[in-house]
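I opened my notebook to get to know a structure that was new to me. Here is what I looked up, entry by entry.

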Amino acid sequence: MNGLTAPRPLRPLLRAEGATMRFGGVTAVDAVDFTLDEVELRCLIGPNGAGKSTFFKMLTGQLTPSAGRIRFRDADITGAHPHEIARLGVGIKTQVPNVFNGLSVRENVFIAGGRRKSLARTKRFVDETLERLRLTAIAGRMVGQLAHGQRQWVEIATVLAQEPELILLDEPAAGMTHEEVHRTAELIREINRTHAVIVVEHDMPFIRMIAKTVTVFNQGRILMQDEVGRVLADQRVRDVYLGKQAA
Amino acid sequence: MDLVGLLGFNVFTGVATLALITLGLGVIYGMMRIINLAHGEFMMLGAYTAVVAVDAGVNIWVAMLVLPPLIVGLIGLLIERAVIRFLYGRMMDTMLATWGISLGLIGLVTTLYGNVVRGVSTPVGSFEIGRYGASLYSLVIIAAALAALGGMLALLRLTRFGLILRATMQNPRMAAALGVSPDRIYMATFALGAGLAGLAGGVLAPISGVSPAMGAAYIARAFITVLGGGPAIITGTGLAASLFGTINELVAFRTTPVIGDVVLLLAAVLLIRVLPQGITGRYLRRSL
Amino acid sequence: MIPTTARSGTIAGPAGFLAVVACGLALLFGAPHVTESFGLVQMTGFAALAMFALSQGFVWGYGGIMSFGQAAFLGLGGYAYAVSVINLGDSTLPVLIAIAVPMLFAAALGYFMFFGRISDAYVGVITLTVSVILFQLFNTTSGSQYRIGQAELGGFNGIPAIPVINRIGEPGEQLDIEGLWAVAMSALILVYVLLRAILASRLGRVIVAIRENETRAQLIGYDPRLYKLLAFTISAGIAGLAGCLYANWGGFISPTVFGLSMSAQVIIYVLVGGLGTLIGPMLGAVLIQSLIIAAGTQSMVDSNLGLGLVLVGFVLLVPEGLVPVARRLVVGAAERFTARKRATPGAEPAAANPALAEGGGR
């Protein structure tokens, strides 16, 4: 639909067709067509209230679309339950951290990683995941007592432990220190070698660090979709972010 | 034909009774999101107020209709100040606390008046629907229910207090910005709900045995009606009472009142499977 | 929603587990040597109520499910045992029926509640309402038309002279007071061990995780409805077994087992003992029940008044319950003690890290 020139594989990983979400009289997401390929990294940007988080919730089944269809590989996941979609291989780090506050870091990761594995394999896998995210030192701590940034990491660890095919990250860099932001960017690039990732983020320097293709949401619709440099140079996108309505 | 007339009258009475015993619970739940497990005991206190007042020689209408809401409303106010206000925002703890209050009130009344059934004689006689006799007192219940529902509607729609109540329900912080303390509003709402429960107890005193544990006989139906009604207090209570009251009376007419309650529960469980937010959670969301 | 009073509640250390089991075994074998039969009868009743408290402590403290009508399952278990043992003679199958009937009932009720996705508060109201209505229903069963086989339900008076559990396969050999104590106490220990095992297993971890954050559990791929249904059904089976023992202990059963005060009592056991522990509810049951018995000898004040005050008082002042408070005091004292020891020159004060102590405690 937009200026992408690379040839597409026949079957995309994720495809939304006319996805629409209405709350009462408000249309938060309005007939969005969206396609993501296997092992693609996509950034979603747009002002607050543009519909990015709502769109994520439709992809994970937390919201049932008012209209339109969503497909994950061959499966129609429109209106499926969140746990069913998760089992197909979709993981999400939500905007407000969703973690098990009353459990330890290790238990958080264990529950996410242990759904289909034997106990011994799970234990090894959990240790690896904790190591990878540098959480080993705080593995015994209660998550509710950790700092916001650390809880973000715990949530990312649970998402990775779930071994999803598609990873959705809603503002992964929010509340992180400068150094942590760099590590997050590094991690996302590493994950993206084997997994498809969609990142929602406001932090433009962060977007520049990781992005290839960027999709811009505005008022529930896709304003444009293009290579990161062209998007960030686009006057309409600048207007939207500065609050002037281009449309 | 006479039978149909009688049955219709009984259904109407059943609906009115259900609305009357539910309204106080619905007001507290709808405005404060507190499920008051002491609701049945507030009714019990209303009934005892009527019994004690009649024994003291007070006019029966005053004893049934005026004193119970005032006295139980006052008791509600005291309980809100002493316990409930410390627990706002803690849904489960308020339920537990009101449950404790419920037990405490049963124990207190048993200690004071003994575990015996007392009664008030019905102040009016009966009339005839064809070959069948019907109690004139049913008309009193219907009138009281209509007055309570209408009074609440007028209060919410027409008064400044009602406006503030609705604002607080929507957004406590905004009400605070208008210079109204949400604390005061919650206090008044709890007292109002308690007073309505007291009224129900007073009105029903002549037709039910008055005993410390009498509340339990009513709360099952009141809870089911509140759940079925959903968030809108007046519309929800009215609709759910009409639906459940009709089912209850028709089944109770064919079988026994207890089977009527069982079927009521089954109907409610089926309803929440389809409409988890109650009737007004899905439809008529903007009504009061 | 996370229950505000259920902050603790992962798996207790193996030392605590072994200590509880050892105490239980000591009571099981020791009590008959120390007390005479009256005391033993009373302790059998405590064991039944402690098991009832475990069922509530599990579903509410670990599952986060506000099952406020747990008496429904106690009553169903008791009645199911009474009716089937009167009809069958041998008590082996009736004990299993007493577990199965409440479980089936809970599975059906739970299906509508959890798959209807109603709010936590509504679960509380519906379970409570169900027990109230069962109470009313069983109250109206007086008269010979209400009989199941040879068992008359008996309305308000209930079923008298229920045969006590017999040796397996020998209906004539009914247990004596000591035998019933042994069965009740062993069953209590077994249920405790079973619940610990469940909580240590993947099933238990997921149940606790859903209590902590239902959304995250779902997004990881667990179906919260299913796990809540499982927790609810398991707890109903335990309450049913408690009801069976309760009927054995009293030798009769009446609709008061379904009553609101029965449901309230078990809530109070758990709240007083500690939500999110298993030992707390058992201790709470023994403590509160002892107080009720002590208060029962005077007739000035109704016991409901005391129970109500205890409930309100604990919600306002000690919402955690006694066991977690005691545990914290002990851990705090131990930490202060070690900190003082380390306050000598050259010692590292940071070693007394509360996080380490906590990590060791679960």
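I began with contacts in chain A between residues at least 6 apart in sequence, and found that 62% join residues at least 24 apart. Two residues are in contact here if their C-beta atoms, placed from the backbone, lie within 7 Å.

A note on the ground rules: this is a predicted model, where local features need pLDDT of at least 70, side-chain atom pairs count only at pLDDT 80 or more, and totals for chains, interfaces and linings use all residues. Residues are numbered from 1 along each chain as its sequence is written, while chains are lettered from A and ligands numbered from 1 in the order in which they are written.

Next I looked at overall form. The C-alpha trace of chain A spans about 55 × 40 × 40 Å along its principal axes. Its radius of gyration (over C-alpha atoms) is 18 Å, which agrees with the value near 18 Å for a compact globule of 247 residues; that rule is 2.2 Å times the number of residues to the power 0.38. I also noted that 46% of the 247 residues of chain A count as buried, meaning 20 or more other C-beta atoms within 10 Å of the residue's own, again placed from the backbone.

Then I turned to secondary structure. Chain A has nine helices and 10 strands; these are DSSP runs numbered from the N terminus, helices being H or I of at least four residues and strands E of at least two.

How are the six strands of the open sheet ordered? I read S6-S7-S8-S3-S9-S10 in chain A, with mixed pairing; a pair needs at least two DSSP bridges. Strands S6 (90-93) and S10 (221-227) of chain A are the edges, each pairing on one side only. The twist averages 15 degrees from one strand to the next.

I followed the S6 edge. Four bridges join S6(A) to the parallel strand S7 (residues 166-170) of chain A, and A:Ile92 has A:Leu168 as its bridge partner in S7(A). Helix H5 (residues 148-161) of chain A packs on the sheet, touching S6 and S7 of chain A, and its direction makes about 180 degrees with that of S6(A). Such angles run from 0 to 180 degrees between N-to-C directions, with axes fitted to C-alpha atoms, for helices over the stretch in contact.

My last lookup was helix H6 (residues 178-192) of chain A, which lies across S3 (41-45), S7 and S8 (196-200) of chain A, at about 150 degrees to S8(A).

Definitions and conventions. A residue is buried if 20 or more other C-beta atoms lie within 10 Å of its own, exposed if 12 or fewer, and partly exposed in between; C-beta atoms are placed from the backbone.
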